[in-house]
Amino acid sequence: MIITKLEFLDRAQIDRDTLEVWIQEEWLVPSGSATEPVFSEADLARADLIRDLIHDLGVNAEGVGPILSLLDQLHGLRRVLAEVLQSMRQRSVPPEAGRSMGRDPERS
Amino acid sequence: MKDPYEVLGVARTASPEDVQKAYRRLAKKLHPDLNPGNRESEERFKEVSGANDLLSDPDKRKRFDNGEIDASGTERQQQRYYKDYAAEAAAGHPYENRSGYADFVDTDDIFAELLRRQEQQARRAPGPDLHYRLSIEFLDAVNGAAKRLTLPDGGTLDVTIPPGIQEGQILRLRGKGAPSKGEGNAGDALVELSIVPHRFFSRQGDDIHIELPVTLAEAALGGRIKVPTPTGPVLLTVPKGSNTGSTLRLKGKGVPRRGGHGDEFVKLKVMLPTEPNPELEAFLSNWTPGADYDPRRDMQL
């Protein structure tokens, strides 16, 4: 579902200026246009994370960017790892090979 | 439920600053977004944040110390963390960054081969979807229409609105989203429709409702009158002796739906002449409607 700027400010519990800064810093990358940005649930969860970093964890403004960047890389790597694991699983038991290997000893 | 002081590892006499310090120390370690994939830390963070919610609020803390409330129900509601979205988002997520393994790819073993293949797949991933909003006229929503949306970058997007569309419905235009970062197809454009209310039509499901002003004579004597419908005016027979509130149905003049149309309901509203009318006044003062005519009878005045 699409979240408008007003809705986003309300649900993320941040003010306009804060949002401007977060977008400028590219901590948040909404879709839509600069004048009428639209947000996703993922953007909202990310805003919650930024708020937690600043308020709950005491991270200062300079620290948020590097943390997000490392997290984005971490998520990228987690996904690559998941994909690699999956294709390795598929490789190690190719369906045809598995069947013929099971049959051959019986036949011979 | 564990004792919140124990959870945060502070003394009962701890100052608010101590509580905050203890919470921060634990949150830095346990925040679920800093530990994606670690269920245990997520569970512990729930306890810790719950304990902090209780002890960082002076009023709640006092009531807890006095035994008025216990620590149950302090666990934070199941919050959705960013990591959950990062994990489930389709490839091409705007934030995801895969540069962290580029240096592994240049070798010549099976892992490098797999990674190269993943990279290729990522390159072929479709571009992200773009979201737009379009507000359309009531009648366009009912009858369908072709609209051209002007995009912020100056481009245009042709949107075919199917008949019978509803408020908030989203149209997906394949391939009209942002281009792929690599060689994949473009994403989709998602257009959320909002419908501008009409001056006199309103809609309930597939039925159209309209309040139609009629003259005293049309109501009392009946007759055929022109009524607007979404597809143009039609003639409606008003039966003799109709009244304000009488509702007539125009079958099949409502909103198109699968296998037909809804209906239009016409609710009559008798209107006296807006200017004082001496003839009508003269007639009414000489007119005796009969003892049965008492519209306020039910009110027992």
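Here is a quick tour of this two-chain model, from overall confidence down to a single residue.

The model is predicted, and it scores ipTM 0.74 and pTM 0.56. Chain A has 5 helices and 2 strands, and it meets chain B in a contact that takes 31 residues from chain A and 29 residues from chain B. Below you'll also find a helix pair in chain B and a closer look at B:Leu236.

**How far to trust it**

- Chain B averages a pLDDT of 87, and 95% of its residues score at least 70.
- For chain A the mean pLDDT is 81, with 81% of the residues at 70 or more.
- Within chain A, confidence peaks in helix 2 (residues 16–24), at a mean of 93, and bottoms out in helix 5 (residues 95–107), at a mean of 45.
- Residues 97–108 of chain A have a pLDDT below 50, and beyond near neighbours in sequence this stretch has 1 contact in the model.

**Chain A at a glance**

- Starting at the N terminus, the elements of chain A go α-α-β-β-α-α-α.
- Chain A has 108 residues, and 21% of them are buried.
- Take the contacts in chain A with a separation of 6 or more: 49% of them join residues 24 or more positions apart.

**Where the chains touch**

- On the chain A side, strand 1 (31–32), helix 3 (41–56) and helix 4 (61–92) each supply at least two residues to the contact with chain B.
- Helix 4 of chain A gives the most to that side, with 14 residues.
- Sorted by class, the residues of chain A that touch chain B come out as 13 nonpolar, 9 polar and 9 charged.

**A helix pair in chain B**

- Helix 2 (residues 16–30) and helix 3 (residues 39–55) of chain B pack at an angle of about 160 degrees, and their axes are 10 Å apart.
- That angle makes helix 2 of chain B roughly antiparallel to helix 3 of chain B, because anything over 145 degrees counts as roughly antiparallel.
- The crossing of helix 2 of chain B with helix 3 of chain B is left-handed.
- From helix 2 of chain B, the residues in the contact are B:Val19, B:Tyr23, B:Leu26, B:Ala27 and B:Leu30.
- Facing them from helix 3 of chain B are B:Ser41, B:Arg44, B:Phe45, B:Val48, B:Asn52 and B:Leu55.
- By class, this contact between helix 2 and helix 3 of chain B has 8 nonpolar, 2 polar and 1 charged residues.

**Next along: helix 4 of chain B**

- Helix 4 of chain B (residues 58–65) lies largely in the open, because the number of buried residues among its 8 is 0.
- After helix 4 of chain B comes B:Gly67, which has a positive phi, near 75 degrees.

**Zooming in on B:Leu236**

- You'll find B:Leu236 in strand 9 (residues 234–238) of chain B.
- B:Leu236 has 20 other C-beta atoms within 10 Å, so it counts as buried; the cut-off is 20 or more.
- Leaving out residues up to four places away in sequence, B:Leu236 touches B:Arg224, B:Ile225, B:Val227, B:Leu248, B:Leu250 and B:Val266.
- B:Lys226 is 10 residues from B:Leu236 in sequence, and the two are 6.2 Å apart in space, C-alpha to C-alpha.

Conventions. Residues numbered from 1 in each chain as written. Chains lettered and ligands numbered in written order. Predicted model: local features only at pLDDT ≥ 70, side-chain atom pairs only at ≥ 80, totals over all residues. Axes fitted to C-alpha atoms, helices over the stretch in contact; angles between N-to-C directions. Helix = DSSP H or I, 4+ residues; strand = E, 2+ residues; numbered from the N terminus. Parallel < 35°, antiparallel > 145°, perpendicular 65-115°, else oblique. Left-handed = near helix turned anticlockwise from the far one by under 90°. Contact = placed C-beta atoms within 7 Å. Nonpolar A, V, L, I, M, F, W, Y, C, P; charged D, E, K, R; others polar. Buried ≥ 20, exposed ≤ 12 C-beta atoms within 10 Å, placed from the backbone. pLDDT = per-residue confidence, 0-100.
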